[in-house]
Amino acid sequence: MGSDGDSADGVAIQAAAVGKVYGSKKSQVEALRGVSIEVAEGERVALLGKSGSGKSTLLNLLGGLDRPSSGGLRVDGRDLGQLSGRELARFRSKSVGMIFQSFNLIASRSAVENVTLPMVFTGRPPRERRAAAQATLESVGLGSRLHHRPDQMSGGERQRVAVARALVNRPRIILADEPTGNLDSQTARQVMALILDHVRESGVTLVLVTHDEELAASCTDRVVRLVDGRIADESQRL
Amino acid sequence: MRWIDLLWLPLSSLGQRKMRTCLTTLGVMFGAFVLAASLSIDEGVQQTIERESSKGNISRKVTVMPGRRPVETAVADDVKVSGRMSSDRRARIRKVLVEQARARKSDQEQVNLTQPRLDSLARMPHINQMVPIVGGGVVATLGNRPEEASVSSGAGEDPEFPKRLIAGRAFKSEDERSVLLSEMFAHRIGLIDDSDLDQVLGKPLRIEIRGQEHGPRFNIVLADQARASGKRDEQAALRQLAWQLPGALERFSLTEEETATLKAALRGKSAKKAEPVAVVDDFQVVGIFRDFSDEERKTAWSQFPANTDLVLPRRSAVDLFFRDPAHREQGVNQAILFVDDIKNVKEVVEKVEALGMRSRSIVEFLERERLTYLLIFGGMTCVAGVALLVASLGIANTMLMSVLERRREIGIMKAVGASNWQLQTLFVIEGGLIGLIGGLLGLLLAWSISFPGDAWVRSMVQRDMQIELTGSIFAFPGWIAMTVLFFTVGVTVVAALYPSRLAARVDPVTALRHD
């Protein structure tokens, strides 16, 4: 696999026999076993499975938060196995946007400060990133909450801030790990609609981790089911 | 990542934990304060000493006094050990006898400041001027009133001395046959009114250097026992009467026999003839000088001594004293050497002491005191170092706790693109900022304390040593601030290194795990 960032073949994600093992020799856990998957550019894919099936582990590998123990991983035209620590950090900042179940906002910083954070590490000028953060927050309906801290917002608003943070650097791939897991059903629908609207408008690739079959079926083009670290089956949305 | 963000992110992190930041910074501030204060006092005291000692050329002045010099004694040949004994025993006994003989014989000779020695001092390299200081007791006679008096020379050389003249003029040359009277001496010999002072100017004063005893040989007391001691004026007048009486016996209505009897009695029981007057000379009174004022007394230590009854020009005083055989042999009490440059003072001192004379100079004093200061300020600097070390341990601990508390935040930053070196740099800068802020506050505190501290030391020096210091004993040149900040920032950066490496090694997956 090359590492030049070129996905001219239209494949956004390509995993080949990816495995991930945690723990020491005495207490090893094989979270992923030979997972191979391809996701086209602009495709919306759901990773479905019970807790412990390896779906979050796969998402973390796709997002560059962790490295596979075996196999190859190519995301956004880049071979993640060939990237140095610094290049991987840059990849996380520019190529992917991650949305987490527990929002993962910095509690001591305001909404706009949280959203500017990815741009700080890529060296964008302060004025530019402030403007971009403001625009993104307004696009998710939080124009009036720019200077509020997470503890001053509802769950839905916090997740919107997290969505804005994931989108602000205009990544080509959105990775969402149970984004509605901590929200009530109405808020969950609103947040999901927000994500899908953006995905539709910008044509980015979406990988959604969920245990909700209905959500997976309604919001994505393909559902990939994982069981015990392996792909059990895939079903295309008709 | 931009430089402004490398500063802003740590600053905002510190600002979010205000109490913890304050407490951590206080420790650094204390260490910085002690370090700044000790460096400042060290620099300030050195500058003060150099400034004060350069007044009146005192830094180039060497005071020379008579001394003693060891002489070679050849006693070994004189000691013989007789008797029948082994050669080893003879050698041992002879060695002890030689040492005893050497101890008995004088092995040191007095080195006086005689005229030839004064001349050799004046010819030494780097000597601009040699001023012999003559001092001693004489008999001064104005009109027909002899009076014991103390005399000195040298004050006439002092540029500050003319300010103390209350009548007449200062000396115009160093060998004129003039004399200045002190105000109190004038009062003692009966020059009470201001007009008396003006009238004495131009009058001749006879100065005699006599033998050991040059006072009257008897006392005159009043018959009334209750008033036997008398007032001060009465005592002075009675003493004058006793002084003049032996020379005025012929004027009384006494028989020849009575006159001879009294003369014999007044000569004393030993019937020893009075010592002949050794030296006598006449000088013209040209001026009257007062004592030091309170203000002048504060800097009196830097000037020539001038607290005698009479002051003579330098060369005239030396000529007078060296006409007396006893003084010719004894020499003068001291001589002042003015060296061309402060750098050469030490060399001159060594040469003077090699000749067997004693010396005193401000440079020697500075060298001696410098060691004391080095010890004191070295101690203070050690205290500062310990304080900073303790502060750094506190910082390391605080930052370790901070890394543990902020694991999730670190994980989030990694998830959105922070690299390991960026995180490490942020934490190191956070530590360095504590050092910078603490260092600045410590410098500010040291500078603030310097004002009351300086006032306190000045009042002590003025009270105990009667010296009015100019300038502050605290000095804050730029290098002190740079040194203090270098140490505080350096220490805190080192303290932050380990916590920052821990932060960089935080696993984002573990840190972000949803519980």
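## Contact and folds of chains A and B

The contact between the two chains draws on 19 residues of chain B and 24 residues of chain A. The structure described here is a predicted model. On the side of chain B that touches chain A, at least two residues each come from helix H1 (3-16), helix H14 (407-415), helix H15 (420-465) and helix H17 (508-511). The greatest share from chain B is that of H14(B), with 4 residues. Sorted by class, this side of chain B consists of 10 nonpolar, 6 polar and 3 charged residues.

**Helix H3 of chain A**

Helix H3 (residues 111-120) of chain A is mostly covered, since 9 of its 10 residues are buried. The buried residues are A:Ala111, A:Val112, A:Asn114, A:Val115, A:Thr116, A:Leu117, A:Pro118, A:Met119 and A:Val120. Which elements cover the buried residues of H3(A)? The cover includes helix H2 (85-94), helix H4 (126-139) and H5 of chain A, together with H1 and H14 of chain B. H1(B) and H14(B) also supply residues to the side of chain B that touches chain A.

One member of this cover can be described in detail. H3(A) and H5(A) pack with their axes 8 Å apart, at an angle of about 30°. Angles under 35 degrees count as roughly parallel, and H3(A) and H5(A) are therefore roughly parallel to each other. Their crossing is right-handed. From H3(A), the residues A:Ala111, A:Asn114, A:Val115, A:Leu117 and A:Pro118 take part, meeting A:Val161, A:Ala164 and A:Arg165 of H5(A). The residues of this contact comprise 6 nonpolar, 1 polar and 1 charged.

**The sheet of chain A**

Chain A contains an open sheet of 6 strands in the order S6-S7-S8-S3-S9-S10, with mixed pairing. At its edges are strand S6 (96-99) and strand S10 (230-236), each of which pairs on one side only. On average, neighbouring strands are turned by 15° against each other, direction ignored. Edge strand S6(A) pairs with strand S7 (residues 173-177) of chain A in the parallel sense, over 4 bridges. Within these two strands, A:Ile99 stands opposite A:Ala176 of S7(A).

Two helices of chain A lie across strands of this sheet. Helix H5 (residues 155-167), the partner of H3(A), lies across S6 and S7 of chain A and runs at about 170° to S6(A). Helix H1 (residues 55-62) of chain A lies across strand S3 (44-48), S7, strand S8 (205-210) and strand S9 (222-227), and its direction makes about 150° with S8(A).

**The antiparallel sheet of chain B**

In chain B, 4 strands form an open sheet in the order S4-S12-S1-S13, and the pairing is antiparallel. Strand S4 (127-133) and strand S13 (358-361) of chain B each have a single partner strand, so one side of each is left without a neighbour in the sheet. The average turn between neighbouring strands here is 25°, direction ignored. Strand S1 (residues 61-65) and strand S12 (residues 334-339) of chain B run antiparallel and are joined by 4 bridges. In this pair, B:Lys61 stands opposite B:Phe338 of S12(B). Helix H4 (residues 115-122) of chain B packs on the sheet and touches S1, S4 and S12, with a direction at about 155° to that of S4(B).

**Pairings of strand S10 in chain B**

Another strand of chain B, S10 (residues 279-289), has pairings with S7(B), S8(B) and S9(B). The table lists the sense of each pairing and an example of residues that face each other.

| Partner of S10(B) | Sense | Bridges | Residue in partner | Residue in S10(B) |
|---|---|---|---|---|
| S7(B), residues 165-168 | antiparallel | 3 bridges | B:Ala167 | B:Ile288 |
| S8(B), residues 178-182 | parallel | 5 bridges | B:Ser178 | B:Gln284 |
| S9(B), residues 204-209 | antiparallel | 6 bridges | B:Ile209 | B:Val279 |

**B:Leu205 in strand S9**

B:Leu205 belongs to strand S9 of chain B. Is B:Leu205 buried or exposed? A residue counts as buried if 20 or more other C-beta atoms lie within 10 Å of its own. B:Leu205 has 21 C-beta neighbours inside 10 Å and therefore counts as buried. Leaving aside residues up to four places away in sequence, B:Leu205 touches B:Ala140, B:Leu142, B:Val179, B:Phe283 and B:Val285. One of these, B:Val179, is 26 residues from B:Leu205 in sequence, and the two are 7.9 Å apart in space, C-alpha to C-alpha.

Methods
Residues are numbered from 1 along each chain as its sequence is written. Chains are lettered from A and ligands numbered from 1 in the order in which they are written. This is a predicted model: local features need pLDDT of at least 70, side-chain atom pairs count only at pLDDT 80 or more; totals for chains, interfaces and linings use all residues. Two strands pair if DSSP finds at least two bridges between them. Axes are lines fitted to C-alpha atoms, for helices over the stretch in contact, and angles run from 0 to 180 degrees between N-to-C directions. Two residues are in contact if their C-beta atoms, placed from the backbone, lie within 7 Å. Angles under 35 degrees count as roughly parallel, over 145 as roughly antiparallel, 65 to 115 as roughly perpendicular and the rest as oblique. A crossing is left-handed if the near helix is turned anticlockwise from the far one by less than a right angle, and right-handed if clockwise. Ala, Val, Leu, Ile, Met, Phe, Trp, Tyr, Cys and Pro count as nonpolar, Asp, Glu, Lys and Arg as charged, and the others, Gly among them, as polar. A residue is buried if 20 or more other C-beta atoms lie within 10 Å of its own, exposed if 12 or fewer, and partly exposed in between; C-beta atoms are placed from the backbone.
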